[in-house]
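Reader: I would like to understand how the words used for a protein model are earned, and I hope you can set each one against its cut-off.

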Amino acid sequence: MQDIESYWQLMQDKVCSHCIDGGNSGGCRIDQGRECALRKYLPQILDVVNSVYSPAIEPYEVQLRNKICGICIHQSVAGKCAVRNEVECALDRYFPLIVEVIEESQSRNRQGNTNRT
Ligand code: SF4
Ligand code: SF4
């Protein structure tokens, strides 16, 4: 079982390193006062990924909209998000990669546990 901090390190390695808002030395360049939804909602993202098992991304996206966008201050009651529309939300932008990285990590962990038994 991985803790949130180890998942965050994984996200920094595999997602922030590809992010257009990532700095050269692994930092984040988004404006002070703005918090990346990947960082802010990481526990909820894990819940979303663990609540779906599908080869398609769409079922994960439905859960993303329900469980995370639904509580995010940027989404209106009508379900619209200006940040998403402007492709400024890193969580939305890299969501397929995020799902893949989490599922691969969990799969590797399960295999490691099986090999130890
Ligand atoms: S915006 Fe989010 S995903 Fe991009 S580098 Fe910053 S923390 Fe990482
Ligand atoms: S897409 Fe919009 S509503 Fe959803 S997490 Fe990103 S900023 Fe929040």
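Author: What follows takes up the ligands, the nonpolar core and a few single residues in turn. This is a predicted model, in which local features need pLDDT of at least 70, side-chain atom pairs count only at pLDDT 80 or more, and totals for chains, interfaces and linings use all residues. Residues are numbered from 1 along each chain as its sequence is written, chains are lettered from A and ligands numbered from 1 in the order in which they are written, and side-chain values use heavy atoms, with hydrogens and water left out.

Reader: What makes a residue count as being around ligand 1, and which residues are they?

Author: A residue is near a molecule if one of its heavy atoms lies within 4 Å of it. For ligand 1 the residues are Trp 8, Cys 16, Cys 19, Asp 21, Gly 22, Cys 28, Ile 30, Cys 36, Leu 38 and Ala 90.

Reader: How are the residues around ligand 1 divided by class?

Author: Ala, Val, Leu, Ile, Met, Phe, Trp, Tyr, Cys and Pro count as nonpolar, Asp, Glu, Lys and Arg as charged, and the others, Gly among them, as polar. The shell around ligand 1 therefore has eight nonpolar, one polar and one charged residues.

Reader: Which residues are around ligand 2, and what are their classes?

Author: Around ligand 2 are Ala 37, Cys 69, Cys 72, His 74, Gln 75, Cys 81, Val 83, Arg 84 and Cys 89, and by class this shell has six nonpolar, two polar and one charged residues.

Reader: Which residues have the most contacts inside the largest nonpolar core?

Author: A nonpolar core is a set of buried Ala, Val, Leu, Ile, Met, Phe, Trp, Tyr and Cys residues joined through side-chain atoms within 4.5 Å. The largest one has 32 residues, and those with the most contacts inside it are Met 11, Leu 38, Ile 45, Leu 91, Ile 98 and Ile 102. Helices (DSSP runs of H or I, at least four residues, numbered from the N terminus) contribute to this core, with α1 (4–14), α2 (37–40), α3 (42–50), α4 (58–67), α6 (90–93) and α7 (95–116) each supplying at least two residues.

Reader: What is Ile 45 in contact with?

Author: Contact means heavy atoms within 4.5 Å. Leaving aside neighbours within four places in sequence, Ile 45 is in contact with Ala 37, Leu 38, Ile 68, Leu 91, Ile 98 and Ile 102.

Reader: Why is Phe 95 called buried?

Author: Buried means under 20% relative accessible area, exposed over 50%, and partly exposed in between (1.4 Å probe, protein chains only). Phe 95 has 1% relative accessibility, so this residue counts as buried. Phe 95 lies in helix α7 and, beyond neighbours within four places in sequence, is in contact with Val 48, Ile 57, Tyr 60, Glu 61 and Leu 64.

Reader: Are Asn 66 and Glu 86 buried or exposed?

Author: Asn 66, in helix α4, has a relative accessible area of 52%, which is over 50%, and therefore Asn 66 is exposed. Glu 86, in the loop between α5 and α6, has 59% relative accessibility, so Glu 86 also counts as exposed.

Reader: Why is Lys 67 called partly exposed?

Author: The relative accessible area of Lys 67 is 35%, in between the two cut-offs, so Lys 67 is partly exposed. Lys 67 is found in helix α4, and its contacts, leaving aside neighbours within four places in sequence, are Val 48 and Ser 51.

Reader: What is the sign of phi in Val 87?

Author: Val 87, in the loop between α5 (82–85) and α6, has a phi near 55°, a positive value in a residue other than glycine. Most residues other than glycine have a negative phi.
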